[in-house]
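This report is an introduction for a reader meeting the structure for the first time. Please view the sequence and the structure together before reading on.

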Amino acid sequence: MAEAGVPLEVLVAVSRSAPGTLARQVETQLRDAIRAGALRPGTRLPSTRGLAEQLGVSRRVTVEAYAQLGAEGYVELRQGAAPRVAATNPAGADPSPVTAAAPEPAARYDFRPSRPDVTTFPRAAWGRCLRDATRTIRTADLLYGDPCGVAEFRSAVADYLGRVRGTVATPQRVVGTGGYLQGLGLVCHAMAARGARTIALEDPCSSEEPRIAARAGLEVLRLPVDAEGARTDLLPTLAPDVVVLTPAHQHPLGVVLSPGRRRVLAQWLADSAAVLVEDDYDAEYRYDRPAVGAVQGISPERVVYAGTLSKVLAPGLRLGWLVVPGWLLDDVRTQKQLADQGSPRIEQLAFARFLEDGHLDRHLRAMRTLYRRRRDAVVAALAAEVPEAVVGGIAAGLHVTAALPSHHDERAIQAAARARGVALAVLGDYAPRAPFPPTLVLGYSRLADRAATRGVAEIAAAIRTSRR
Ligand SMILES: Cc1ncc(COP(=O)(O)O)c(C=O)c1O
């Protein structure tokens, strides 16, 4: 019969020629292992007989060692039960305790933006694709392979983007990533290694982007955003080496880059050696008309196109892509290799199958209808409950902005809403440098049925109480 409890031969070794009695040797080494955390509180230990057999000593030795450790409080010895490392032992607390990532606090009404409704994640279809990928993945693809990804993934993504976003992409230019933010980091590092010094980010933008750019050693410049989108007319003056834009749907203000600003951008890209990172983060969700095509389609040699599954399927998949100009590809491949040797290959293959079988298109069709309804519900509720709010942005994406008269305090509203069980973002979360009116950023993707109406009524109450 297998001996219960962890095998201890690797932690404990006794020798008749070593100093101290055999019992003392066992006792000291077990105590050290418990103190060092190698034997965790609650761990089941071998019986005295089992340990004696493992170590090739008499049972008297292990009885004596356990008795001493029991007396000191390191080991729990109870009649008829297996010995265990004491749940709280004199080794005390972890000398360098780690803090667990704070779980997202639950909210009655969750308006936090940038998250899809993952309750609709097509589990069955994904599961079939994953099973199929596991069955058919080539042996060679289970090794490291090209850090840019498996051939089927790169090919399926190139076809998909050409079809729905008008990108110009051969499979060889597609790089599988662990999501948009990793992709941005790879480009920043690749450009910095080529001598780039500055990067222009939209103002406002997500709070992670300046930190990712700074981590690659780039100096961050800010490009203001107005009703026509990012002020691309300022690019010749700012002269950044890299610029990051969300042309299809500015994040978080929700405006589209106007045709005039796109022309200015295309001209500047043609005239300079700079690179545009085009974050197409939710171009798939345009509700009133087809989304404008990607800028990459106009300037494929100067644009790195970046996409992600985080909005269209689930952030937990940690899968995205870049389409990289040929001249930059080797540098990005090197950065990807250094970062993680490539994204999970079975999942890439599963996604290729998911795309080819039409599951993504089907899912997006269903989600567009659902999200559009939820957006309409939030906009209608805001008109009824918070008539002073000016709803901003086009009918797209997963959130709306609601700008309030200047006497409001967005942080006070956020706190008052939180106290009423409503989670929401405010423009201050995106650290704008330019002055903006107090603005709520309200994600609607997870507000089913009447939740939007009830949630907005709570927000209206929070606005009233925060003014007192
Ligand atoms: C502007 C922007 N685009 C895209 C994303 C999605 O990132 P990821 O693909 O890494 O989940 C984020 C997430 O924070 C973001 O802020």
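The following paragraphs treat the domains, the sheets, the ligand shell and some details of the backbone.

**Domains**

The structure is a predicted model. The protein is divided into domain 1 (1-95), domain 2 (109-113 + 362-467) and domain 3 (122-358). Between domain 1 and domain 3, the C-alpha centres are 54 Å apart.

**The sheet of 8 strands**

One open sheet has 8 strands in the order E4-E11-E10-E9-E8-E5-E6-E7, and its pairing is mixed. E4 and strand E7 (229-230) form the edges; each has a single partner strand, so one side of each is left without a neighbour in the sheet. In general, the strands of a sheet pair through hydrogen bonds of the backbone, in a parallel or an antiparallel manner.

Both manners occur here. E8 and strand E9 (residues 275-279) run parallel and are joined by 4 bridges; Val242 has Val275 in E9 as its bridge partner. Strand E10 (residues 303-308) runs antiparallel to E11, again with 4 bridges, and Ala306 is the bridge partner of Leu322 in E11. Strand E4 (residues 174-177) is likewise antiparallel to E11, over 4 bridges. Within that pair, Val174 stands opposite Val323, and Gly176 has Trp321 as its bridge partner.

The residues of E4 and E11 can also be sorted by the way they point. In E4, Val174 and Gly176 point one way, Val175 and Thr177 point the other way, and all are buried. In strand E11 (residues 320-323), Gly320 and Leu322 point one way while Trp321 and Val323 point the other, and all are again buried.

A helix accompanies this sheet. Helix H6 (residues 180-193) lies across E4, E5, E8, E9, E10 and E11, and its direction is at about 155 degrees to E10.

**The sheet of 4 strands**

A further open sheet has 4 strands, ordered E12-E13-E16-E15, with antiparallel pairing. Strand E12 (390-392) and strand E15 (425-426) are at its edges; each has a single partner strand, so one side of each has no neighbour in the sheet. Strand E13 (residues 399-403) and strand E16 (residues 439-443) run antiparallel and are joined by 5 bridges. In this pair, Ala402 is opposite Leu440 in E16. Helix H12 (residues 359-385) packs on the sheet and touches E12, E13 and E16, its direction making about 15 degrees with that of E13.

**The ligand shell**

Which residues are closest to the ligand? They are Gly179, Tyr180, Ser206, Thr308 and Ser310, among the 13 residues that surround the ligand. Sorted by class, the shell contains 4 nonpolar, 7 polar and 2 charged residues.

**A buried alanine in a helix**

Ala133 belongs to helix H4 (residues 123-136). Is Ala133 buried or exposed? It counts as buried because 23 other C-beta atoms lie within 10 Å, where 20 or more are required. Apart from its neighbours within four places in sequence, Ala133 is in contact with Ile346, Leu349, Ala350 and Arg353. Ala133 and Ile346 are 213 residues apart in sequence, yet their C-alpha atoms are 5.8 Å apart in space.

**Details of the backbone**

Most residues other than glycine have a negative phi, and most peptide bonds are trans. The table lists departures from these two patterns.

| Site | Feature | Value | Place |
|---|---|---|---|
| Asp203 to Pro204 | cis peptide bond | omega near 10 degrees | Pro204: loop between strand E5 (198-203) and helix H7 (208-215) |
| His251 to Pro252 | cis peptide bond | omega near 10 degrees | Pro252: loop between strand E8 (242-245) and helix H9 (259-271) |
| Arg318 | positive phi, not a glycine | phi about 50 degrees | loop between E10 and E11 |
| Ala431 | positive phi, not a glycine | phi about 45 degrees | loop between E15 and E16 |

Why do Arg318 and Ala431 count as partly exposed? Arg318 does so because it has 16 C-beta neighbours inside 10 Å. Ala431 does so because it has 13 C-beta neighbours inside 10 Å. Both counts fall between the limits, since 20 or more would make a residue buried and 12 or fewer would make it exposed.

Key:
Residues are numbered from 1 along each chain as its sequence is written. This is a predicted model: local features need pLDDT of at least 70, side-chain atom pairs count only at pLDDT 80 or more; totals for chains, interfaces and linings use all residues. A residue is near a molecule or strand if its C-beta atom, placed from the backbone, lies within 6 Å of it. Ala, Val, Leu, Ile, Met, Phe, Trp, Tyr, Cys and Pro count as nonpolar, Asp, Glu, Lys and Arg as charged, and the others, Gly among them, as polar. Domain bounds come from an automatic or database domain assignment. Two strands pair if DSSP finds at least two bridges between them. Helices (H or I, at least four residues) and strands (E, at least two) are DSSP runs, numbered from the N terminus. Two residues are in contact if their C-beta atoms, placed from the backbone, lie within 7 Å. Axes are lines fitted to C-alpha atoms, for helices over the stretch in contact, and angles run from 0 to 180 degrees between N-to-C directions.
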